[in-house]
Amino acid sequence: MPRLLGRKTIRYDSVTSTNEVLKALALEGIETGTLVTAKVQTHGRGRLERRWESPEGGLWMSVLFEMPPGFDSSRYGLLPLMAGASVATAILMEHGLDAGVKWPNDVLIAGRKACGILGEIFTVGDRHLAIIGIGINVNNRVQVGYDFSSGTTSIAEEFGKSVKTEVLENTVLEELEFRHDLLVSGEYDKILEDWRELSVTLGRKVHIVMPGGEMTGIARDIDPTGALLVEMDDVIHKVNAGDCRHLE
Ligand code: BT5
């Protein structure tokens, strides 16, 4: 069992969004490590206010992190990477499925999206807080015909039968706590190396849509802040945020 994450757990049958509920609790001062889960989300959110399909059978959860005093804010980009690596590792450990991380915030199984991560950072007084929202398609199916770019899948679909969400949830929390401790102790290189090993993006030809434009190139590496380094016309470009599509 994890020591910190999920020490306090609040479970709902249905909420708008676990991130939204946890944020409201955090603003009221709820303790670090609190976990909020829901069987169903009516307004599950992706990045840029996109919709996240959250029917019954999936694992929809949010965890509250607190950054230590003096935390280097340029490292916030590591949070979604850590969460993705935790989920991919947990899926491999519990179900033996070959899950990989796609920059910046997805976990893919067999090239299809099984999990998305939504990180949010904010301050309450002098506390620097982060909510890590994790959505994993476990026993649910995802509506066909939606605007999915890379296709979607679920653990049950890949595994061939239904699995226990509680077991996966616990392992995800243990993995996340392990990486949380690395972050708090400043062992950033270990976090980066772990992500690189699980990456299905590095070395691929990618198309990136950023807030200020688009580019196509080869994903070469991530930098110490979690930004993607893309080579285009022999020049390395640093991409802090954006949507990434694997082309080859
Ligand atoms: C994400 O955004 O992938 C972040 C998803 C985070 C969901 C969790 S669930 C618990 C917590 N509470 C919340 O409200 N959110 C978090 P993004 O990279 O923007 O991808 C969004 C896109 O993924 C959508 O536009 C769809 O194309 C696709 N999508 C929607 N639902 C999906 C699903 N269940 N499985 C796979 N892909 C989905």
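How many residues surround the ligand, and which are the closest? The shell holds 29 residues, and the closest are Ser17, Arg45, Arg50, Lys113 and Asn137. A residue counts as near if one of its heavy atoms lies within 4 Å. This is a predicted model, where local features need pLDDT of at least 70, side-chain atom pairs count only at pLDDT 80 or more, and totals for chains, interfaces and linings use all residues. Residues are numbered from 1 along each chain as its sequence is written, and side-chain values use heavy atoms, with hydrogens and water left out.

**Ligand site**

- A side-chain N or O atom of Lys113 is 2.8 Å from an oxygen atom of the ligand.
- For Asn105, a side-chain N or O atom is 3.3 Å from a ligand oxygen.
- Glu53 uses its backbone: an N or O atom there lies 2.9 Å from a nitrogen atom of the ligand.
- The ligand alone exposes 790 Å², and the protein buries 96% of that. Accessible areas come from the Shrake-Rupley method with a 1.4 Å probe; for residues, only the protein chains shown count as cover.
- By residue class, the shell divides into eight nonpolar, 13 polar and eight charged. Here Ala, Val, Leu, Ile, Met, Phe, Trp, Tyr, Cys and Pro count as nonpolar, Asp, Glu, Lys and Arg as charged, and the others, Gly among them, as polar.
- At least two shell residues each come from α1 (18–27), β3 (59–67), β6 (112–124) and β7 (127–136). Helices (H or I, at least four residues) and strands (E, at least two) are DSSP runs, numbered from the N terminus.
- β6 gives the most, with four residues.

**Seven-stranded sheet**

- Seven strands form an open, mixed sheet in the order β1-β2-β3-β7-β6-β5-β4. Two strands pair if DSSP finds at least two bridges between them.
- β1 (9–15) and β4 are the edge strands; each has a single partner, so one side of each is left without a neighbour in the sheet.
- Neighbouring strands here are turned by 20° against each other on average, direction ignored. The axes are lines fitted to C-alpha atoms, for helices over the stretch in contact, and angles run from 0 to 180 degrees between N-to-C directions.
- Strands β4 (residues 99–102) and β5 (residues 106–109) run antiparallel, joined by four bridges.
- These two strands form a hairpin with three residues between them.
- Across this hairpin, Val101 stands opposite Val107, and Lys102 has Asp106 as its bridge partner.
- In β4, Ala99 and Val101 point one way, Gly100 and Lys102 the other, and all are buried. Buried means under 20% relative accessible area, exposed over 50%, and partly exposed in between (1.4 Å probe, protein chains only).
- Thr37 sits in strand β2 (residues 35–41) and is buried at 6% relative accessible area.
- The side chains of Thr37 and Arg11 make a polar contact at 3.2 Å. Such a contact is a pair of N or O atoms within 3.5 Å; within protein, one must be able to donate a hydrogen and the other to accept it, and residues adjacent in sequence count only if both atoms are side-chain atoms.

**Five-stranded sheet**

- Five strands form an open antiparallel sheet in the order β11-β10-β9-β8-β12.
- β11 (235–239) and β12 (243–246) stand at the edges with a single partner strand each, so one side of each lacks a neighbour in the sheet.
- The average turn between neighbouring strands of this sheet is 45°, direction ignored.
- β10 (residues 228–232) pairs with β11 over five bridges; Leu229 has Lys238 as its bridge partner.
- β8 (residues 205–210) pairs with β12 over four bridges; His207 has Arg245 as its bridge partner.
- Side chains alternate along β12: Cys244 and His246 share a face and are buried, while Asp243 and Arg245 point to the other face and are not.

**Loops and unusual backbone**

- Most residues other than glycine have a negative phi, and most peptide bonds are trans.
- The Trp103 to Pro104 peptide bond is cis, with omega near -5°. Pro104 is in the loop between β4 and β5.
- Leu48 has a positive phi of about 50°. Leu48 lies in the loop between β2 and β3 and is exposed at 71% relative accessible area.
- Ala110 also has a positive phi, near 50°. Ala110 is in the loop between β5 and β6 and is exposed at 59% relative accessibility.
- Asn140, in the loop between β7 and α3 (155–159), is buried at 2% relative accessible area.
- Asn140 and Glu53 are 87 residues apart in sequence but 9.9 Å apart in space, C-alpha to C-alpha.
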